[in-house]
Structures are given as structure tokens and as C-alpha cells.
Amino acid sequence: MPVVQSPRIPRKFPVPVWMKLVLLLAVVLGLVIRSYLHKNDIKNIQISNVMISDYTKISADVTFEVENLARYAYKDQAIMIKIFTHNGEEIASRLAAVDIQPKKKQRFLKVLDKFERPLQDDEVPVAEVTLYKPGLLD
């Protein structure tokens with residue numbers, strides 16, 4: 001009868017505690033740096049002249065100006081666009097990405113065409129445009 005030997009299984013070594021602590025500190029430091037950079041973005045980017053240029057019962061064209069005060073460009077900067085009724089009820093929102101050139105003021109036009117409900121005949125929409133903030137440690 002042939003002799004079958006089981007394969008050698010190498011011993012498993014646990015991850016050292018000091019390595020876990022270093023990784024935890026690196027994650028915390030990364031979150032703090034991300035939070036600082038996002039606060040810096042809010043100081044460098046100014047949004048103004050927000051208005052609805054044209055609207056129907058189910059869509060609206062929102063125009064706004066973005067001014068970059070920094071010396072570097074922001075590529076794919078997240079902008080949150082919200083449309084409210086005159087009663088303060090939010091009926092549409094959209095997350096859009098814009099490219100902002102350094103030391104320039106640019107005008108953008110974004111179309112929101114998916115309303116939660118159609119506008120009534122007597123309702124006038126109001127737009128709000130802000131920088132999109134990430135969720136963890138704003």
C-alpha cells in the first residue's frame with residue numbers, strides 16, 4: 001500500500017501589534033490631511049450669481065459663477081445643485097463635476113431635468129449651489 005504524506009502547511013504568523021498601530025496612525029493622519037485640504041478648498045472656491053435662467057414644470061436650467069482664488073486648477077470639483085420651491089421643499093438635486101481654472105471666474109450652466117414632482121402653476125423654483133463636502137470628518 002502506498003504511503004501518502006500530507007503537504008507541509010507553513011505556520012501562520014500574526015500581524016505584529018506595532019504594525020497595526022502604524023497603519024491606524026496612517027489612516028487617522030490621512031483623514032486629518034483630507035479634512036484640512038477640503039477646508040482649504042472652501043476658502044479658495046467662491047460660488048456666486050446663482051439663478052435659474054429657464055424652467056418648466058419638470059426641468060430647470062441653473063447658471064452660476066465659480067471663482068478660483070488659488071494658483072492651481074481644480075479638476076472634477078464636485079458641486080451640489082439643489083432646487084427648492086418657495087415653501088422650502090426640495091424638488092431636485094444633482095451632483096455635478098466642473099473643471100475650474102486657476103485665478104479665473106467661470107460661468108457654468110447645468111440642467112436639472114429629474115424633479116421629484118412637477119411644479120405647480122404658481123410655484124417659482126429657487127436654486128442653491130454649494131461645494132460638495134465628503135462625509136467623514138468634514
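## Close-up views of a predicted model

**View 1. Thr63 has Leu109 in E5 as its bridge partner.** In this predicted model, Thr63 gives a starting point for the pairing of strand E2 (residues 60-68) with E5, which is antiparallel and covers eight bridges. Glu67 also has a partner in E5, namely Lys105. Strands and helices here are DSSP runs numbered from the N terminus, with at least two residues (E) for a strand and at least four (H or I) for a helix; strands pair if DSSP finds at least two bridges between them. Residue numbers start from 1 along each chain as its sequence is written, and side-chain values rest on heavy atoms, without hydrogens or water. Local features need pLDDT of at least 70 and side-chain atom pairs count only at pLDDT 80 or more, while totals for chains, interfaces and linings use all residues.

**View 2. The open sheet E1-E2-E5 is built from three strands with antiparallel pairing.** Strand E1 (45-55) and strand E5 (105-112) are at its edges with a single partner strand each, so each has one side without a neighbour in the sheet. From one strand to the next, the twist averages 20 degrees. Helix H1 packs on this sheet, where it touches E1 and E2, and its direction makes about 65 degrees with that of E1. Axes are lines fitted to C-alpha atoms, for helices over the stretch in contact, and angles between N-to-C directions run from 0 to 180 degrees; a contact is a pair of heavy atoms within 4.5 Å.

**View 3. A hairpin of four residues leads from E1 to E2.** On either side of this turn, E1 and E2 pair in the antiparallel sense, joined by eight bridges. To find one of these bridges, look for Tyr55, whose partner in E2 is Ala60. E2 itself is mostly covered, with seven of its nine residues buried. Buried means under 20% relative accessible area, exposed means over 50%, and partly exposed lies in between (1.4 Å probe, protein chains only).

**View 4. A second group of three strands forms an open sheet in the order E4-E3-E6.** The pairing in this sheet is antiparallel. Its edge strands are strand E4 (90-100) and strand E6 (126-131), and each of them pairs on one side only. The twist in this sheet averages 25 degrees from one strand to the next. Strand E3 (residues 74-84) runs antiparallel to E4, and nine bridges join the two. Within this pair, Ile81 stands opposite Arg94 in E4. Helix H1 (residues 17-44) appears here too: the helix lies across E3 and E6 and runs at about 70 degrees to E3.

**View 5. The largest nonpolar core brings together 23 residues.** Such a core is a set of buried Ala, Val, Leu, Ile, Met, Phe, Trp, Tyr and Cys residues joined through side-chain atoms within 4.5 Å. The residues with the most contacts inside this core are Val62, Phe64, Ile79, Ile81, Ile83, Leu112 and Phe115. Strands E1, E2, E3, E4, E5 and E6 each supply at least two of its residues, and E4 gives the most, with five. In soluble globular proteins, nonpolar side chains tend to be buried together.

**View 6. Phe115 is a good residue to zoom in on, with contacts that include Ile83, Ile91 and Ala92.** Leaving aside residues up to four places away in sequence, Phe115 also touches Thr56, Lys57, Ile58, Ser59 and Ala60.

**View 7. Asp76 and Lys103 have positive phi angles.** Asp76 has a phi of about 55 degrees although it is not a glycine. This residue is found in strand E3, and its 51% relative accessibility makes it count as exposed. Lys103, likewise not a glycine, has a phi of about 55 degrees. Look for Lys103 in the loop between E4 and E5, where the residue is exposed, with a relative accessible area of 55%.

**View 8. Stepping back, the protein has one helix and six strands.** From the N terminus on, these elements follow the pattern α-β-β-β-β-β-β. The C-alpha trace spans about 90 × 45 × 25 Å along its principal axes. Of the 138 residues, 28% count as buried. Among contacts between residues at least 6 apart in sequence, 65% join residues at least 24 apart.
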